[in-house]
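Please open the model in your viewer and keep the sequence panel beside it. The tour below moves from one selection to the next and says what is to be found at each stop.

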Amino acid sequence: MKRQLGSAAWLAPCLALTFSLAAVAAPFDDDHDRGNSPCSGLPGYSELKAALKTATAAESSGLNNQMWASIVNRDGMICAVAFSGDNRGAQWPGSRLISAQKAYTANAFSLDPSSSSAGSGQVAGLALSTANLYSATQPGGSLYGLQHSNPVDPSVGYKGPASRQGTSNDPLVGEVMGGVNVFGGGLALYAAGHTIVGGVGVSGDTSCADHNIAWRVRNLLNLDHMAASGSTPAVAGPASLFNSDPTHPDNIIFDIIANVAGGTGNSASGFGHPACLSTGGSATLPAVRP
C-alpha cells in the first residue's frame, strides 16, 4: 500500500527513535536541566571545570601541568569530565581515564555514617583517598591485588568520538567505567550531613600534586563536609587516625621509610604514599567543613 504523504502517523516511530538516540548521545548535557537524573545534586561540567582551573592555578608543587578531572555518583556512574587547559591535548591524554579511575576508587572504598547498623559499620564514616591505598596494595601489603579488582570496561573507556572528550557530553558521562587506582588524586565527596554522594578524581601531574589539586577541587565544590559538628563526630580517615588530624582525615600521608631488607619501603601507618618530584603543600590544604 502506498504511504500517504499527507498523513503524519508514519512519522511517529521515526521521531521517537530520533529523540531516543539524542538522549543516549548526551545523557547529562550541562547546558540543560539535569532534573532527576542519576547525577542530580552533583556538580556539572561547568562547575567542575571552573573548580579545576582554579585549583590547578593555585598548586605550586609537581610539574605545573594542566589537569583532567572526573566526578562519579555513589553508584560509580561518571557525571562530569573536564580539563583545565585550552584544549584536550594540553593535558596528558592518558590522564583522562586515570581521573575517572581515581574518582571511582575513592567512592568505592569510602563510607559515611549510614554504613553503621546492628553493631557493624563505621559510626562516623571512613574516607579513604586513593593516596591512602598505596602502601597496603604493594606486594606483601594487606590489600595487595586490590588494584586488579573492578577492572576498567574498555568498551566504555575507549569509545568515541574523541572530539567530545572533556566536554559537557564526554563519551564517559552516564557510564560506569570502573577501574581501581592506588596513588594520589582521588577523594570521596561528602555533602552536608556527612553524606557520601560520589567521588572526584584528578590526574595530569605527579600523584602528590594530583592529590593536592583534587583536595582543592573538592573544597571549591563544597563537598568536603567531614568535620565534627555538635554531636556529629568527624568522618574518620587514615590521617585523622594515625596523624591525629581530624581536619584533614583522608589527606596524603608521607611516612614511608626505606626497607632495610630491600623492596618496597615500610609505611608506619600502613597508609603511606611516597614523596614525589617537588612535593609540598599537602599539610596546608584547606580544612574539611562540618
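## The nonpolar cores

In this predicted model, begin by selecting Leu 48, Ile 71 and Val 217, which touch the most other members of the largest nonpolar core, a set of 34 residues. Colour next the elements that give two or more residues to this core, namely α2 (45–58), β1, β2, β3, β4 and α5. Centre the view on Val 217 and, leaving aside neighbours within four places in sequence, display its contacts, which are Leu 48, Ala 51, Leu 52, Ala 55 and Val 200. Apart from this core lies another one, of 11 residues, and it can be picked out through Val 72, Val 81, Ala 100 and Ala 103, which are among its members.

## The chain as a whole

Zoom out now to the full protein chain, where 6 helices and 6 strands can be traced. Followed from the N terminus, these elements come in the order α-α-β-β-α-α-β-β-α-α-β-β. Of the 290 residues of the chain, 47% count as buried, and the chain exposes about 13200 Å², with carbon and sulfur atoms supplying 57% of that area. Among contacts in the chain with a separation of 6 or more, 70% are accounted for by residues 24 or more positions apart.

## Helix α2

Select α2, a helix of 14 residues whose first and last C-alpha atoms are 20 Å apart, close to the 20 Å expected at 1.5 Å a residue. Its buried residues are worth showing as sticks, and they include Tyr 45, Leu 48, Lys 49, Ala 51, Leu 52, Ala 55 and Thr 56. If you then display what covers these buried residues, the elements to look for include β1, β2, β4 and α5.

## Helix α3

How many of the 14 residues of α3 are buried? Select α3 (95–108) and the answer is 12, so that the helix is mostly covered. Among the buried residues are the polar or charged entries Ser 95, Arg 96, Gln 101 and Lys 102, together with Leu 97, Ala 100 and Tyr 104. The cover over the buried residues of α3 includes β1 (68–73), β2, α4 (154–157), β3 (186–191), β4 (195–203) and α5 (207–220). A distance drawn between the end C-alpha atoms of α3 comes to 19 Å, which agrees with the 20 Å that its 14 residues should span at 1.5 Å a residue.

## A nonpolar patch at the surface

Step back along the sequence to Trp 92, in the loop between β2 (78–83) and α3. With a relative accessibility of 43%, Trp 92 counts as partly exposed. Add Leu 63 and Leu 277 to the selection, and the three residues together make a nonpolar surface patch of about 320 Å².

## Salt bridges

Side chains of opposite charge can pair when their charged atoms come close. The model holds 6 salt bridges, and the tour stops at some of them.

Select first Arg 216 and Glu 59, whose closest N and O atoms are 3.4 Å apart in a salt bridge. Arg 216 belongs to helix α5 and Glu 59 to the loop between α2 and β1, so this pair ties together parts that are 157 residues apart in sequence. Glu 59 counts as buried, at 7% relative accessibility.

Go on to Asp 250 and Arg 218, a salt bridge in which the closest N and O atoms are 2.9 Å apart. Because Asp 250 lies in the loop between α6 (238–242) and β5 (256–257) while Arg 218 lies in helix α5, the pair ties together parts that are 32 residues apart in sequence. Are these two residues buried or exposed? Both Asp 250 and Arg 218 are buried.

Finish this series with Asp 224 and Arg 289, whose side chains meet in a salt bridge at 2.6 Å, N to O. Asp 224 sits in the loop between α5 and α6 and Arg 289 in the segment after β6 (266–267), so parts that are 65 residues apart in sequence are tied together. Asp 224 counts as buried at 1% relative accessibility, whereas Arg 289, at 27%, counts as partly exposed.

## The segment after β6

For the last stop, select Thr 284, which also lies in the segment after β6. Thr 284 is exposed, with a relative accessible area of 63%. Its C-alpha atom is separated by 9.6 Å from that of His 248, a residue 36 positions away along the chain.

Note on methods. Residues numbered from 1 in each chain as written. Predicted model: local features only at pLDDT ≥ 70, side-chain atom pairs only at ≥ 80, totals over all residues. Heavy atoms only, no water. Patch = residues over 30% accessible without salt bridge, like charges linked within 9 Å, V, L, I, M, F, W, Y side chains within 5 Å. Areas by Shrake-Rupley, 256 points an atom, 1.4 Å probe, with all protein chains shown as cover. Salt bridge = Lys/Arg side-chain N within 4 Å of Asp/Glu carboxyl O. Helix = DSSP H or I, 4+ residues; strand = E, 2+ residues; numbered from the N terminus. Buried < 20%, exposed > 50% of the residue type's maximum accessible area, 1.4 Å probe, protein only. Expected span 1.5 Å × (residues − 1). Contact = heavy atoms within 4.5 Å. Core = buried A, V, L, I, M, F, W, Y, C linked by side-chain atoms within 4.5 Å.
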